[in-house]
Amino acid sequence: MIKKKIILDIKKTLKKLNYKFDVNFTVEVPNIIEHGDFSTNVALLNAKKNKLKPREMAKNIIEVFSRKKDYKSAEVAGPGFINFRLSNSVYHKALVDIVKNKKKFGSSNYGKRKKVLLEFISANPTGPLNVVNARAGVYGDTLYRIMNFVGFKAFREFYVNDAGNQVDILAESLELRYRELHGEHLQEFPSEAYHGEYVKELAIKLNAIDGSKLFHIAEKDRFERMRDFALEEIHIMQVASLDKFGVKFDNWMSERKLRQEGILEEALSYLAEAHCTYEKDDAIWFSSTQFGDEKDRVLIKTDGNPTYLVPDIAYHLTKYQRGFDYIIDVLGPDHHGHVSKLKAAIEALKLDLNKLEVVYLQHINLLEDGEIVKMSKRTGSIVTMDDLIREVGRDAARYFFLNRKPSAHLDFDMDLAKKKSSENPVYYCQYAHARISSILKKAKKAKFDLKSFDIKFLKKLKQEDEINIIKKMLELPFVLIASAEHREPHRLAIYVHELAGMFHKYYAKFKVINENNLELSLSRLYLISTVKNVIAKSLGLMGISAPEKM
RNA sequence: GCGCCAGUAGCUCAGUUGGAUAGAGCAACGGAUUUCUAAUCCGUAGGCCAGGGGUUCGAAUCCCUUCUGGCGUGCCA
């Protein structure tokens, strides 16, 4: 919008002055406010071409600009930057545009309706979701919302590993607990089994339905009953946890279903057709070394069962078959060894490797009383997603996870997240929203009605803080595009915090409602109600509430 | 050994395609409330951007290298 106009104006000027130039110069908002509203490096990049010194070239450009009415000033700075200051009226108009855009402000067609598959969490269906899953959930969910808002067609998927070894162990664990209920005493609960309390609860629930009748059926049938019951119950449990966290999925892709539908065989046959498989030691191997892997990998084990790699290849095959333009896998840091094998397979299948992106979310340390809380799935001593939400609440949990870029390790300070005080950044943002609501309420009581507001009043907004707030709001569309583009929703979290901060400072410095100046008061009310909407919109995209009152 | 990720203030972290004087929050210290919500604001202090080299008008950012930490490197998933 404004930036585009400046670029255009610069180009026109360069042509007018008969300068040679490259089009890839930049126009950006400087970090330092004293450096003006916008800054360009056009003279730095093109001075050589025109046999001029950068400052000299900049000076000539400025002379033309100083005659344009939308520009308050243009000056040479540093080695040859040109800093522009725009007239307040330009920003006043922009503010009106934000309001006119209403709920659409910030959205764009950047994604061009491209189809995006976001796979995240994909935790094993063998227990409750943990805090790492929570981080992945918030990340994926927020990225989904942002991508859709900037014009992508995103789709959320959870891949359920409901086949394989770990599921057998789950069924066996349940059976042991079930037997315990019927008075059988175990010497020791096997170390590889699932120890969590939830297995005991499942046994109690199963017992309430089936009683002792499972002892009287065939072993195979009992095993299947155990397995299916556990999988179903745990799925329900996971959905419930996610629901509390505001995370939803468009599809739960079952590994068992993939197997039943013969996709594994399909993937294997494609690999065979591509001459990438061979038999050795009674196993079937994938010759992944020809795609840069260190060694070849087993696909079908000596016992005739596929390794985990096969269903994963098959699953990714379906991702490609479903016609997505971007395939994003959100994984834990312990998966990157696995991804190189998967990528080798995708190459072997002659699928477009560029479509596949892997985002690694780094580990989390939970801190309580300054100490790291140890987590172990095997011994059952995990902090679950439910625990976390119960402890710190949904808003704080989401904000804390979102406040970090995905590739960063995350220390989650439980004590800080629990605090309902100024130390807690999530309240800082929400408080700005609540504060504005409160002012608007008060204005209404004092008979300041925005209906009698007129655009002409906006010229009363002359304070630098006011113009800076408008500038900040104008950044939202770009922040969202950058968040989507780089798959980094944390940029939005940082943005809201900054905007909230600007409002708090403004609030402390200026009074919005002034009985003696109707036009100024209405203009300020107009401004802050826009700030309120932008904060609410941003928090909304992060799945965080924006309270009217705190 | 090889591969991936990271190293920025006492702590936790931001830092857009390379831009000008590297920023927040917390912790520390000193202030502000007869006022539209003090869950706030203002100020002070705090830095060899892990070390070294290179690329150029210009590097926390790109390249090379060394060091440190996490993770991976199964016919487990």
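A residue is termed buried when its relative accessible area is under 20%. By that criterion, buried residues make up 50% of the 550 residues in chain A. The structure is a predicted model, and its secondary structure comprises 20 helices and 15 strands. The points below move from the whole chain to one helix pair, two buried residues and a nonpolar surface patch.

**Overall dimensions and surface**

- The C-alpha trace of chain A extends over about 90 × 60 × 40 Å along its principal axes.
- Chain A has an accessible surface of about 27300 Å², and carbon and sulfur atoms contribute 51% of that area.
- Among the contacts in chain A with a separation of 6 or more, 73% join residues that are 24 or more positions apart.

**Packing of helices α17 and α18**

- Helix α17 spans residues 464-474 and helix α18 spans residues 476-485; the two pack at an angle of about 35°, with their axes 4 Å apart.
- On the α17 side the contact is formed by K472, M473 and L474, and on the α18 side by L476, P477 and F478.
- Sorted by class, this contact of α17 with α18 contains five nonpolar residues, one charged residue and no polar residues.

**I467 in helix α17**

- Helix α17 also holds I467.
- I467 has a relative accessible area of 6% and is therefore buried, given that the limit for this class is under 20%.
- Leaving aside residues up to four places away in sequence, I467 touches N88, Y91, H92 and L461.
- One of these partners, H92, is 375 residues from I467 in sequence, yet the C-alpha atoms of I467 and H92 are 8.1 Å apart in space.

**K532 in helix α20**

- K532 is located in helix α20, which covers residues 518-541.
- Because its relative accessibility is 14%, K532 counts as buried.
- With residues up to four places away in sequence not counted, K532 touches H433, I436, S437, L440 and E548.

**Nonpolar surface patch**

- L44, L45 and F81 together make a nonpolar surface patch of about 220 Å².
- L44, one of the patch residues, belongs to helix α2, which runs over residues 42-46.
- The relative accessible area of L44 is 30%, so this residue is classed as partly exposed.

How values were computed. Residues are numbered from 1 along each chain as its sequence is written. Chains are lettered from A and ligands numbered from 1 in the order in which they are written. This is a predicted model: local features need pLDDT of at least 70, side-chain atom pairs count only at pLDDT 80 or more; totals for chains, interfaces and linings use all residues. Side-chain values use heavy atoms; hydrogens and water are left out. Patches are made of residues with over 30% relative accessible area and no salt bridge: like charges are joined within 9 Å, nonpolar side chains (Val, Leu, Ile, Met, Phe, Trp, Tyr) within 5 Å. Accessible areas come from the Shrake-Rupley method with a 1.4 Å probe; for residues, only the protein chains shown count as cover. A salt bridge is a side-chain nitrogen of Lys or Arg within 4 Å of a carboxyl oxygen of Asp or Glu. Buried means under 20% relative accessible area, exposed over 50%, partly exposed in between (1.4 Å probe, protein chains only). Axes are lines fitted to C-alpha atoms, for helices over the stretch in contact, and angles run from 0 to 180 degrees between N-to-C directions. Contact means heavy atoms within 4.5 Å. Ala, Val, Leu, Ile, Met, Phe, Trp, Tyr, Cys and Pro count as nonpolar, Asp, Glu, Lys and Arg as charged, and the others, Gly among them, as polar.
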